[in-house]
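User: Hi! Could you walk me through this one? I'll throw short questions at you as I look around.

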Amino acid sequence: VIQTLARMMRFFYHAGLIAHIPFHQEDIERLQNQVTNEARIPSKDEVEAVLCSFDKLWMEVMVRLAAETGMRISEITALTWGDLSRGVIAVERSSVDAQIDKTKSRAGMRQIPLGQKLVAQLADSQASDADFLFTNRNGRLFGSSDALRSVLRPALSRAGVEKFGWRGLRRFYINELLDQNIMLNHVQKLVGHELGSNVTEKHYRRVKQQDVLKDEYVVSLG
């Protein structure tokens, strides 16, 4: 029933009858699996521990893209090398059921700046005969559940980190930007949310007292 509803929504979207697809493949899989802890927002130390656990560069790059750009995994698995230009990545499509499709909404089409390390790693991992950044051993695009099962979950186990999923990394990115006092509408533009949407702030964690005490908010005058 869920998969049928998903196909209907994609048809309505392509026909111009709705402005955006109300849910995406990762949402469908979350409903099917009833996994509640994979939306957990990891800490920065946990993300760094996971990144250090890889022995294959392309796997690290996939996770780093999620953590440093906030892209949906369906957008990451649809990336081509032509989408990269001078330290900026253009998000123009997504991969649904390992098939190329439009982004989740029109706001999903965007450009995101990349950090220097990620730019260098992408350059090192580029294959001269490849179109897409990531394909499985059969040369096919990854589904989001395949990427979770074969890339992220084994890394969590190696790093000894409590389970989280691709949505957790997207929320981590949102939190990092908001913690840096980046303007909300800029954050929404970067993550592909509609401007003015309340979805972005729903991902923002509640500030705990012990977190406040860790930061230097003391004002000293005179």
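User: Which residue in β5 does Ile89 stand opposite?

Analyst: Ile89 stands opposite Ile112 in β5. Before we go on, please keep in mind that this is a predicted model.

User: Noted. How many bridges hold β2 and β5 together, and in which sense do they pair?

Analyst: Strand β2, residues 88-91, pairs with β5 in the antiparallel sense over four bridges. Besides the pair you asked about, Ala90 is opposite Gln111, and Val91 is opposite Arg110.

User: What does the sheet around them look like, and in what order do its strands come?

Analyst: It is an open sheet of three strands in the order β1-β2-β5, with antiparallel pairing. The edges are β1 (84-85) and β5 (110-113); each has a single partner strand, so one side of each has no neighbour in the sheet.

User: How are β1 and β2 connected?

Analyst: They make a hairpin with two residues between them, and Arg86 in that turn has a positive phi of about 50°. The two strands pair in the antiparallel sense over two bridges. Leu84 has Ile89 of β2 as its bridge partner, and Ile89 also stands opposite Ile112 in β5.

User: Back to β5. Which residues are on its covered face and which on its uncovered one?

Analyst: Arg110 and Ile112 are on the covered face, while Gln111 and Pro113 are on the uncovered one. That fits a general pattern: side chains in a regular strand alternate between the two faces of the sheet.

User: Arg110 caught my eye. Which side chain does it join in a polar contact?

Analyst: That would be Glu75: the two side chains are joined by a polar contact of 2.8 Å. Glu75 belongs to helix α5, residues 73-76.

User: Is Glu75 buried or exposed?

Analyst: Glu75 has a relative accessible area of 1%, and the cut-off for buried is under 20%, so it counts as buried. Apart from neighbours within four places in sequence, Glu75 is in contact with Val91, Arg93, Ser94, Gly108 and Arg110. Two of those names, Val91 and Arg110, are also the pair that stand opposite each other between β2 and β5.

User: What else is in contact with Arg110 over on helix α9?

Analyst: Lys189, which is found in α9 (residues 184-191). Leaving aside neighbours within four places in sequence, Lys189 is in contact with Arg110 and Leu195. Lys189 is exposed, with a relative accessible area of 52%.

User: And how far is Lys189 from Ile112, in sequence and in space?

Analyst: They are 77 residues apart in sequence and 9.0 Å apart in space, C-alpha to C-alpha.

User: Changing topic: how many aromatic pairs does a search of the whole structure find?

Analyst: Three. One of them is Trp58 with Phe134, a tilted pair at 6.4 Å centre to centre with 50° between the planes. This pair links distant parts of the chain: Trp58 is in helix α4 (residues 57-69), Phe134 is in the loop between α6 (116-125) and α7 (144-159), and they are 76 residues apart.

User: Which of those rings is buried, and which partly exposed?

Analyst: Phe134 is buried at 2% relative accessible area, whereas Trp58 counts as partly exposed at 29%. Along with Phe142, they form one aromatic cluster.

User: Where does the charged end of Lys102 sit?

Analyst: Over the ring of Tyr13, 5.2 Å from the ring centre.

User: Let's look at helix α8. How many residues does it have, and how far does it reach?

Analyst: α8 (residues 166-179) has 14 residues and reaches 20 Å from its first C-alpha to its last, close to the 20 Å expected at 1.5 Å a residue. Eleven of its 14 residues are buried, so the rest of the structure largely encloses the helix. Among the buried ones are Trp166, Arg170, Arg171, Phe172 and Asn175.

User: What follows α8?

Analyst: Asn181, whose phi is positive, near 65°.

User: Last one: how many helices and strands does the protein have?

Analyst: Eleven helices and five strands. Of its 222 residues, 45% are buried. As for contacts with a separation of 6 or more, 64% are between residues 24 or more positions apart.

Notes
Residues numbered from 1 in each chain as written. Predicted model: local features only at pLDDT ≥ 70, side-chain atom pairs only at ≥ 80, totals over all residues. Heavy atoms only, no water. Pairing = 2+ DSSP bridges. Buried < 20%, exposed > 50% of the residue type's maximum accessible area, 1.4 Å probe, protein only. Polar contact = N/O pair within 3.5 Å; in protein donor to acceptor, adjacent residues only side chain to side chain. Contact = heavy atoms within 4.5 Å. Phe/Tyr/Trp six-rings, centres within 6.5 Å; stacked < 30°, edge-to-face > 60°. Lys NZ or Arg CZ within 6 Å of the ring centre and 35° of its normal. Expected span 1.5 Å × (residues − 1).
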